[in-house]
Amino acid sequence: MSNKIGFLTVFALVISSQIGSGVFMLPISLAPYGAYSLISWVISGAGAVSLALVFATLCAKFPETGGPHVYAKHAFGPTAAFFVGWTYWIISWVSTTALIVVGVGYLTPFFHEDIQSMRLLLELLLFTVITLVNLRRIATAGRIEFLLTVIKISVLLAIPVAALFFFDRNNFIISEEISSLTASQILARSTLLTLWCFVGVELATAPAGSVDNPTKTIPRAVVLGTICVAVIYFINNFAIMGLINGNDLANSRAPYVDAIKIMLSGNWHLIISVIAFIFCVGSLNAWVLSSGQVAFGLAEDKLMPQFFAKRNKHGSPFWGIITSSVGTAVLLILTSSNNFAQQITSIIDFSVVSFLFVYLACSLAFLKVVVKERNYYKLLIGSIATIFCCWVILETPVNTLLISSLFTASGIPLYLFWYRRAF
C-alpha cells in the first residue's frame, strides 16, 4: 500500500491547518473594530492568497520535504536556511500548544467547574493520542484529516447561513478606544489579528516528499484551499457580528455557543462545544504531522542532527515528532497555572509575528528565484506578499518584535556548537 498522500488529503491539510481555534475565538477580539474587521479580513485574505501563490510556486520548483527552509536554502544559502527552518520548527510546536488548550477548553460545558482540576491531564491525554496517530503512516493521519475537514466545512457553512436570518447591521459597533486611532492603525491592528487565522498557509508544503506528484498536487491544493479558507472566515465573521451586538460579543467567552442560543432553544450549544473541539483536533493533527516533517527535512539537508532524519517502521519521522511533542508537553505544564485566557495569550501573542518573519524570508526568496524569469505576474505576486508582510511588521510594537525574535535567537547555541563545527 502506498504511503503517499494525494490532492484531497493535501487540500484538507491546507484547510485544517488554517481553520482551528481562531474561527471560534477571534470574533471576541474583533468585536471592538466593528465594520473595520470585515475590511481586515479582505486584506489578510488577499495577503494570505498572495503568500499561498508564493509557496505554491516555490514548492513546484523545489518539491522537497521541510517547507520554508528549503526555499531559503536555494535563495540565500544554508545559514539562512538553518535559522528560517529553526524558527519555523520552534513556532510550529509552540503554536500547537494553543490548539490543545482551546480544544480542551471547549469541553468545559460537559465538566462544569470540575474541568479545572483535570484540565492539564485532559490536555496531555489529547496530545498523546494525536501524537500516536502521527507516529503511524502519514496516510493514516491524512485520512483522519480529510474526515475532520469535511465536518469543518459543513458546519462553517451552515451556521452563518442560519445566522443571516437574524442579521442586524446595527450590531457592528466600534469601541471608543478603537475610534481614537487612525484608519491605518485600526486596519493594521485588526489585520494582525485576522492574519493569525491564516497561519499555516504554507503547512502543506512541508511533507512534499510524502505527496504524490507534489509539483502539481501541492500548488493546486494550497491556492484553492486558502481561497476557501478566506471565504469561510469572512462569511462567518460577517454573520456572527451581525447576529450578536458588538458590546455583548466583546464580553463573550464562546461566541458560537451564544449564537446558537440566540437561534435555537434547548441544549444545542453543547453540540457546538463538541464541534469546536473537533475543529481544534483537526488543526492539532495537521500541525503535529507537519512539525515532524519540518525537523525531518532540516535533518535531510544536514541543517539539524541526523537522528531527526530517522523514520520508524511506519515511515514516520519518529524523533522529529517526539521532540516537538515533548516541547509542547513542557509548555502545557509550564502554563497550566494560568487561567484560560492568560494561558492562550501567553502562548500565541508573539507567534504570528514570528511566522511573518518566516513568510517575509520566503517572499524575498521567491523574488530572487523568479526575477531572472522576467515574469511580471510572478513579480507582482511576490511584491504584494513582501509588502504585506513588511506593512504588518512595521505596524507592530517594537517590544513585540523583540520578544518574537527570541524564537530565532534560540537557535544560535545549536548553530554555534553543532552546525558550524559539523561543517
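Of the 423 residues of the protein chain in this predicted model, 56% count as buried. The secondary structure of the chain comprises 20 helices and 0 strands. Among the contacts that join residues at least 6 apart in sequence, 83% connect residues at least 24 apart.

Two helix pairs illustrate how these elements are arranged. Helix H1 (residues 7-18) and helix H14 (residues 268-300) have axes that come within 8 Å and cross at roughly 110°. At that angle, which falls in the interval of 65 to 115 degrees, H1 is roughly perpendicular to H14, and the crossing of the two helices is left-handed. On the side of H1, the residues that take part in the contact are Leu13, Ser16 and Ser17, and these meet Gly282, Ser283, Ala286, Trp287 and Ser290 of H14.

In the second pair, helix H4 (residues 68-76) packs with H17 at an angle of about 45°, the axes being 9 Å apart. The two helices are therefore classed as oblique to each other, and H4 passes H17 in a left-handed crossing. The contact is formed by Pro68, Tyr71, Ala75 and Phe76 in H4, which meet Val358, Ala361, Cys362, Leu364, Ala365 and Lys368 in H17.

Aromatic side chains were examined next, and a search of the whole structure finds 18 aromatic pairs. In one of them, the ring centres of Tyr88 and Phe355 lie 6.2 Å apart and the ring planes stand at 80°, so the pair is edge-to-face, the cut-off for that class being an angle over 60 degrees. Tyr88 belongs to helix H5 (residues 78-105) and Phe355 to helix H17 (residues 351-370), and the pair thus links distant parts of the chain, 267 residues apart. Tyr88 and Phe355 are both buried.

An edge-to-face arrangement is also found for Phe198 and Tyr233, whose rings are 5.7 Å apart from centre to centre, with 70° between the planes. Phe198 is located in the loop between helix H10 (183-195) and helix H11 (214-243), whereas Tyr233 is part of helix H11, so the pair ties together parts of the chain that are 35 residues apart in sequence. Phe198 and Tyr233 are both buried. In addition, one aromatic cluster is formed by Phe82, Phe83, Trp86, Trp89, Phe308 and Tyr415.

Helix H5 also contains Trp93, a residue that is buried, with a relative accessible area of 14%. When residues up to four places away in sequence are not counted, Trp93 touches Ser324, Gly327, Thr328 and Leu331. The C-alpha atoms of Trp93 and Ser290 are 9.6 Å apart in space, although the two residues are separated by 197 residues in sequence; Ser290 is also one of the H14 residues that meet H1.

Ser324, Gly327 and Thr328, which are among the residues touched by Trp93, also appear among the buried residues of helix H15, together with Gly320, Ile321, Ser325, Ala329 and Leu332. Helix H15 itself (residues 318-334) has 17 residues and reaches 24 Å from its first C-alpha to its last, which is close to the 24 Å expected at 1.5 Å a residue.

Two loop residues were considered for comparison with these helical positions. Phe167 is found in the loop between helix H8 (138-163) and helix H9 (176-179), where this residue is partly exposed, with a relative accessible area of 29%. Leaving aside neighbours within four places in sequence, Phe167 is in contact with Phe172, Phe238 and Gly242. From C-alpha to C-alpha, Phe167 and Ala239 are 6.9 Å apart in space, while 72 residues apart in sequence.

The second loop residue, Asn267, is placed between helix H13 (255-263) and H14. Asn267 is exposed, with a relative accessible area of 56%, a value that lies over the limit of 50% used for that class. The separation between Asn267 and Val257 is 10 residues in sequence and 9.9 Å in space, C-alpha to C-alpha.

Methods: Residues numbered from 1 in each chain as written. Heavy atoms only, no water. Phe/Tyr/Trp six-rings, centres within 6.5 Å; stacked < 30°, edge-to-face > 60°. Helix = DSSP H or I, 4+ residues; strand = E, 2+ residues; numbered from the N terminus. Buried < 20%, exposed > 50% of the residue type's maximum accessible area, 1.4 Å probe, protein only. Expected span 1.5 Å × (residues − 1). Axes fitted to C-alpha atoms, helices over the stretch in contact; angles between N-to-C directions. Parallel < 35°, antiparallel > 145°, perpendicular 65-115°, else oblique. Left-handed = near helix turned anticlockwise from the far one by under 90°. Contact = heavy atoms within 4.5 Å.
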